[in-house]
Amino acid sequence: MLKLLTYSIFLSVTFLWHSRAAIADGNETPMPSECRSYISIHGSSNVNQFRLSNENPQVETTSENLIEENHIRIHVYDFEASNHRMLKDFYDMVEASQHPFIEITIEPRENADFDEGSGLTNFRTKVTIAGNSNSYIVPSTITGCESLGYMLKGKLQVKLTDFDIEPPTKFLGAVKVNDEVFINFAFRMQHREQVTEQLPE
């Protein structure tokens, strides 16, 4: 019985050792923080501020070099917030049950304008929220992530009323969300084949 117990402990230790070795060898290497996609929405009301975020949006593109137009879809229900009530209000505001995605279309890099003064590339970008679309010029940075593709980072200011969304009010108008919201994003561009390989079976 003692030999069996000793053997079982040995197997367990061996399994843990190999698991850690696999991580050290790079089989489970964490994604570098500078190569992680994210999108966040910042807003405010007359009494407080709020932030909604998606720290791992699934991004698909047909070109790692931003040669083609890129279509990005972010699932509304993947956003998180510290306040559950605020998250529910957000779902209602963007009509998540009818329009479950925020969609972003970015023009090809060769069509974008490079600003030598700021060092940023101005991309014509179409944003669709709650089924309504608007176009913006978004100053963005482009950085490489070695074999992981390219990072496209930018931020823009939009108005809820641009998307036919009436800024919500609460408590008989005592609390009102401001019309302006800010969207910050970083998208890692990669081939659809790479995205498919990363999806769990």
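**Note on the cavity, the core and two loop-side residues**

1. The lining of the largest cavity is made of 11 nonpolar residues, with no polar and no charged ones, where Ala, Val, Leu, Ile, Met, Phe, Trp, Tyr, Cys and Pro count as nonpolar, Asp, Glu, Lys and Arg as charged, and the others, Gly among them, as polar. A cavity here is a set of points on a 1 Å grid over the protein atoms alone where a 1.4 Å probe fits but cannot get out, and lining residues have an atom within 4 Å of a point.

2. This is a predicted model, in which local features need pLDDT of at least 70 and side-chain atom pairs count only at pLDDT 80 or more, while totals for chains, interfaces and linings use all residues. Residues are numbered from 1 along each chain as its sequence is written, and side-chain values use heavy atoms, with hydrogens and water left out.

3. The chain has 3 helices and 11 strands, which are DSSP runs (helices H or I of at least four residues, strands E of at least two) numbered from the N terminus. Of its 201 residues, 35% count as buried, a word that stands for under 20% relative accessible area, with exposed meaning over 50% and partly exposed in between (1.4 Å probe, protein chains only).

4. The largest cavity has a volume of about 80 Å³, a volume being the space filled by probe spheres set on the grid points, which are joined across faces, edges and corners. Its lining includes I41, F90, I102 and I129, and α2 (84–93) and β11 (180–189) each supply at least two of the lining residues.

5. The largest nonpolar core, a set of buried Ala, Val, Leu, Ile, Met, Phe, Trp, Tyr and Cys residues joined through side-chain atoms within 4.5 Å, has 37 residues, and F79 is among those that touch the most other members. Leaving out residues up to four places away in sequence, F79 touches ten residues' worth of surroundings that include I39, I41, F90 and I102.6. S44 lies in strand β1 (residues 38–44), and its side chain makes a polar contact with the side chain of N178 (2.8 Å), that is, a pair of N or O atoms within 3.5 Å, of which, within protein, one must be able to donate a hydrogen and the other to accept it, residues adjacent in sequence counting only if both atoms are side-chain atoms.

7. P168 lies in the loop between β8 (150–159) and β9 (169–170) and is partly exposed, with a relative accessible area of 24%. Apart from neighbours within four places in sequence, P168 is in contact (heavy atoms within 4.5 Å) with M93, L160, V175, K176 and V177.

How values were computed
On a 1 Å grid over the protein atoms alone, a cavity is a set of points where a 1.4 Å probe fits but cannot get out, and a pocket is an open set with protein on both sides within 12 Å along at least five of seven lines; lining residues have an atom within 4 Å of a point.
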